[in-house]
Amino acid sequence: MGKLLSYLFLFLILPSQLFSQFGSIEITFDDRLLRSDEKQNLMPLIEDIRRFFLTTSWDKGFSDLNIPIHIQLIFEGSSSKGNVKTYLCQALFTNGSDQRYFDKGVQFYYSASTSLYFDLVLFEPLSGFLAFYAQLILAGEIDTYEFRGGNTAYETARDIALRGSGSEYKKGWATRTALVDDLSGNSGLRKARLAYYVGMDLMKEANVDEAVKEFKNMLDGLEQTYHDFGREQHTQYFMKVQSENLAQVFSLLGRRDLLQDINELDPDRRELYQAALDKMSE
């Protein structure tokens with residue numbers, strides 16, 4: 001009977017996982033500021049969040065992305081109103097690569113007796129908050145496959161944020177609305193990220209000429225972002241994460257011009273790029 005139940009569970013859960021856009025999911029809590037009974041109440045939440053990301057079908061057009069996601073929740077306290085326990089925390093979401101989002105003000109209620117379920121029409125603060133960042137990371141990932149491919153995910157994130165702003169749990173949602181607007185409107189970064197990943201794929205195929213064209217498109221996108229937004233933090237983070245790869249690839253290509261351009265656009269890593277330039281001069 002036990003095996004039968006296990007097989008039934010797998011039958012029910014695996015089809016949804018086959019269409020999940022997220023792969024490995026790491027979740028950590030910092031609950032040192034909470035009371036022992038509050039910690040006890042939150043114990044099932046980690047598995048609830050993991051199940052939420054794995055079993056929700058986020059985008060049927062991109063069903064095999066297998067995006068890793070790392071989530072950290074830093075709990076700051078709680079409050080009670082009747083039988084409803086509301087938690088306050090900060091949060092960090094990252095794909096382990098060049099997407100990283102830190103949220104300073106999260107407010108949600110949670111009960112272990114209810115399951116997390118994403119419904120775009122019926123707003124619920126915890127599932128809405130998780131779905132918002134799922135859509136941001138999904139949008140950034142899809143953008144690496146086709147230009148502005150993440151538009152639908154960004155629009156969904158914006159809809160969630162607007163519903164959150166109009167709810168009883170509106171803390172932080174105005175900031176999140178501004179965040180999705182900034183990300184979706186940063187055409188230069190979106191162009192640069194696509195060109196970077198396409199260029200790297202072309203390098204693996206030894207298609208050097210086309211790869212160089214894409215890296216030039218990437219630099220054009222980064223320059224556009226600088227002119228439009230200055231030293232915008234998400235663009236800076238993208239360059240930080242990819243800087244060693246870029247220095248290595250541009251050196252391998254023997255392209256001093258590309259190194260000089262990225263050196264100007266990314267002054268925080270100037271020593272790295274200058275070292276690559278100096279090595280080419282030896």
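Let's start at one side chain and work outwards. Beyond the neighbours within four places in sequence, Trp 173 is in contact with Phe 123, Pro 125, Gly 128, Phe 129, Phe 132, Ile 160, Ala 161, Gly 164 and Ser 165. This is a predicted model, so everything below describes computed coordinates.

Trp 173 sits in helix H6. Is Trp 173 buried or exposed? With a relative accessibility of 1%, Trp 173 counts as buried, since the cut-off for that label is under 20%. A longer look along the chain takes us to Phe 62: the two residues are 111 apart in sequence, and 27 Å separates their C-alpha atoms.

**From Trp 173 to the core**

One of the partners of Trp 173 is Phe 129. Which residues does Phe 129 touch, once its neighbours within four places in sequence are left aside? They are Leu 73, Ala 91, Phe 93, Asp 103, Val 106, Trp 173 and Arg 176.

Phe 129 also belongs to the largest nonpolar core, which has 49 residues. Together with Phe 53, Phe 93, Phe 132 and Leu 136, Phe 129 touches the most other members of that core. At least two core residues come from each of E1, H3, E2, E3, E4, H4, H5 and H6. Helix H4 gives the most, with twelve residues. There is also a second, separate core of 27 residues, and among its members are Ala 195, Met 200, Phe 250 and Ala 276. As background, nonpolar side chains in soluble globular proteins tend to be buried together.

**The sheet**

Now to the strands. Four of them make an open sheet with mixed pairing, in the order E1-E2-E3-E4. Strand E1 (22–30) and strand E4 (100–109) are the edges, each pairing on one side only. On average, neighbouring strands of this sheet are turned by 25° against each other, direction ignored. The table sets out the three pairings, each with an example of facing residues.

| Strands | Sense | Bridges | Example pair |
|---|---|---|---|
| E1 and E2 | parallel | seven | Thr 28 and Gln 72 |
| E2 and E3 | antiparallel | eleven | Gly 77 and Leu 88 |
| E3 and E4 | antiparallel | eight | Tyr 87 and Phe 108 |

Thr 94 offers another pair for E4, standing opposite Arg 100.

Two hairpins are worth finding on your screen. In the hairpin of E2 and E3, two residues lie between the strands, and Gly 82 takes a positive phi near 70°. The hairpin of E3 and E4 has five residues between its strands, and there Gly 96 takes a positive phi near 75°.

Helix H3 (residues 45–55) lies across E1, strand E2 (67–81), E3 and E4. Its direction makes an angle of about 155° with E1.

**Helices H5 and H10**

Helix H5 covers residues 151–165. Its 15 residues reach 21 Å from the first C-alpha to the last, close to the 21 Å expected at 1.5 Å a residue. Which residues of H5 are buried? They are Ala 153, Tyr 154, Thr 156, Ala 157, Arg 158, Ile 160, Ala 161 and Gly 164. These buried residues pack against helix H4 (125–142), helix H6 (173–185) and helix H7 (187–204). The link with H6 brings us back to our starting point, as Ile 160, Ala 161 and Gly 164 are among the contacts of Trp 173.

Further along the chain is helix H10 (residues 256–265), where Leu 258, Leu 259, Ile 262, Asn 263 and Leu 265 are buried. Why do they line one face of the helix? Seen down the axis of H10, the buried residues fall within an arc of 165°, so they line one face. Their cover includes helix H8 (208–229), helix H9 (233–253) and helix H11 (270–281).

**A residue on the outside**

To finish, here is a residue with the opposite setting to Trp 173. Glu 244 lies in helix H9. Its relative accessible area is 58%, and because the cut-off for exposed is over 50%, Glu 244 counts as exposed. From Glu 244 to Glu 282 is 38 residues along the chain, and their C-alpha atoms are separated by 20 Å. By contrast, Trp 173 has a relative accessibility of 1% and is buried.

Key
Residues numbered from 1 in each chain as written. Predicted model: local features only at pLDDT ≥ 70, side-chain atom pairs only at ≥ 80, totals over all residues. Heavy atoms only, no water. Pairing = 2+ DSSP bridges. Helix = DSSP H or I, 4+ residues; strand = E, 2+ residues; numbered from the N terminus. Axes fitted to C-alpha atoms, helices over the stretch in contact; angles between N-to-C directions. Contact = heavy atoms within 4.5 Å. Expected span 1.5 Å × (residues − 1). Buried < 20%, exposed > 50% of the residue type's maximum accessible area, 1.4 Å probe, protein only. Core = buried A, V, L, I, M, F, W, Y, C linked by side-chain atoms within 4.5 Å. Arc of directions from axis to C-beta.
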